[in-house]
Amino acid sequence: MRLNHLTPAIGTVVHDVDLKQNINQTLANEIRDQLHQRGVIFFPDQNLSAAQLLQLAEIFGEPVANPHPKFGCVEGINEVSLVINDKDHPPDINVWHSDLS
């Protein structure tokens, strides 16, 4: 795992980690530690399935099923909400708001 700290205090880009692979306990601990130390971590160029997103989320705790009120969730994976924003589904809010977390 190669780290690129974006500022002295917060934000790190994590390189050389393939989140599509099974994440062993050692790597999970390193990822969790980076989040605790840096506040925000980024994993560029990862194209993950819903199941892989859920596996990643489980590193940080037990995911909670909370489907998006408009779009719902991924079929069969209630812990991964859908958020669709395209020409057929433009955003319906343009003011400050919090997401589902």
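The exercises below work through the sheet, cores, surface and backbone of a predicted model.

Local features are used at pLDDT of at least 70 and side-chain atom pairs at pLDDT 80 or more, while totals for chains, interfaces and linings use all residues of this predicted model. Residues are numbered from 1 along each chain as its sequence is written, and side-chain values use heavy atoms, with hydrogens and water left out.

**Exercise 1. The sheet**

Determine the strand order of the open sheet and the sense in which its strands pair.

Step 1. Strands are DSSP runs of E with at least two residues, helices are runs of H or I with at least four, and both are numbered from the N terminus. Two strands pair if DSSP finds at least two bridges between them.

Step 2. Strand S1 (residues 2-5) runs antiparallel to strand S2 (residues 12-15), and four bridges join them. Leu3 has Val14 as its bridge partner in S2, and Asn4 has Val13.

Step 3. Six residues separate S1 and S2 in a hairpin, and Gly11 in the turn has a positive phi of about 90 degrees.

Step 4. S2 also pairs with S3, in the parallel sense and over two bridges. Here Val13 stands opposite Phe42 in S3.

Step 5. The order is therefore S1-S2-S3, an open sheet of three strands with mixed pairing. S1 and strand S3 (41-42) are the edges; each has a single partner strand, so one side of each lacks a neighbour in the sheet.

Step 6. Buried means under 20% relative accessible area, exposed over 50%, and partly exposed in between (1.4 Å probe, protein chains only). On S2, Thr12 and Val14 on one side and Val13 and His15 on the other are all buried, which leaves both faces covered.

**Exercise 2. The cores**

List the residues of the largest nonpolar core and find which helix gives the largest share.

Step 1. A nonpolar core is a set of buried Ala, Val, Leu, Ile, Met, Phe, Trp, Tyr and Cys residues joined through side-chain atoms within 4.5 Å.

Step 2. The largest core has twelve residues: Val14, Val17, Leu19, Ile23, Leu27, Ala28, Ile31, Ile41, Phe43, Leu48, Leu56 and Ile59. Helix H1 (residues 25-38) supplies three residues, the largest share.

Step 3. A second, separate core has five residues, among them Ala50, Leu54, Val74 and Val80.

Step 4. Contact means heavy atoms within 4.5 Å. Leaving aside residues up to four places away in sequence, Val17 touches Met1, Leu27 and Gln46.

Step 5. In helix H2 (residues 50-57), the buried residues are Ala50, Gln52, Leu54 and Leu56. Their cover includes strand S4 (73-74) and strand S5 (77-81).

**Exercise 3. The salt bridge and the surface patch**

Identify the partner of Asp16 in a salt bridge, then describe the nonpolar surface patch that includes Ile10.

Step 1. A salt bridge is a side-chain nitrogen of Lys or Arg within 4 Å of a carboxyl oxygen of Asp or Glu. The count by this rule is one.

Step 2. The partner of Asp16 is Arg2, with the closest N and O atoms 3.2 Å apart. Asp16 is in the loop between S2 and H1 and Arg2 in strand S1, so the pair ties together parts 14 residues apart in sequence.

Step 3. Asp16 is exposed at 60% relative accessible area, whereas Arg2 is partly exposed at 47%.

Step 4. Patches take residues with over 30% relative accessible area and no salt bridge, joining like charges within 9 Å and nonpolar side chains (Val, Leu, Ile, Met, Phe, Trp, Tyr) within 5 Å. Accessible areas come from the Shrake-Rupley method with a 1.4 Å probe, and for residues only the protein chains shown count as cover.

Step 5. Leu6, Ile10, Val40 and Phe42 form the nonpolar patch, with about 330 Å² of accessible area together. Ile10 lies in the loop between S1 and S2 and is partly exposed, at 45% relative accessible area.

**Exercise 4. Positive phi**

Examine the phi angles of Asp16 and Asp45.

Step 1. Most residues other than glycine have a negative phi.

Step 2. Asp16, not a glycine, has a positive phi of about 65 degrees.

Step 3. Asp45 also has a positive phi, near 60 degrees. Asp45 sits in the loop between S3 and H2 and is exposed, at 81% relative accessibility.
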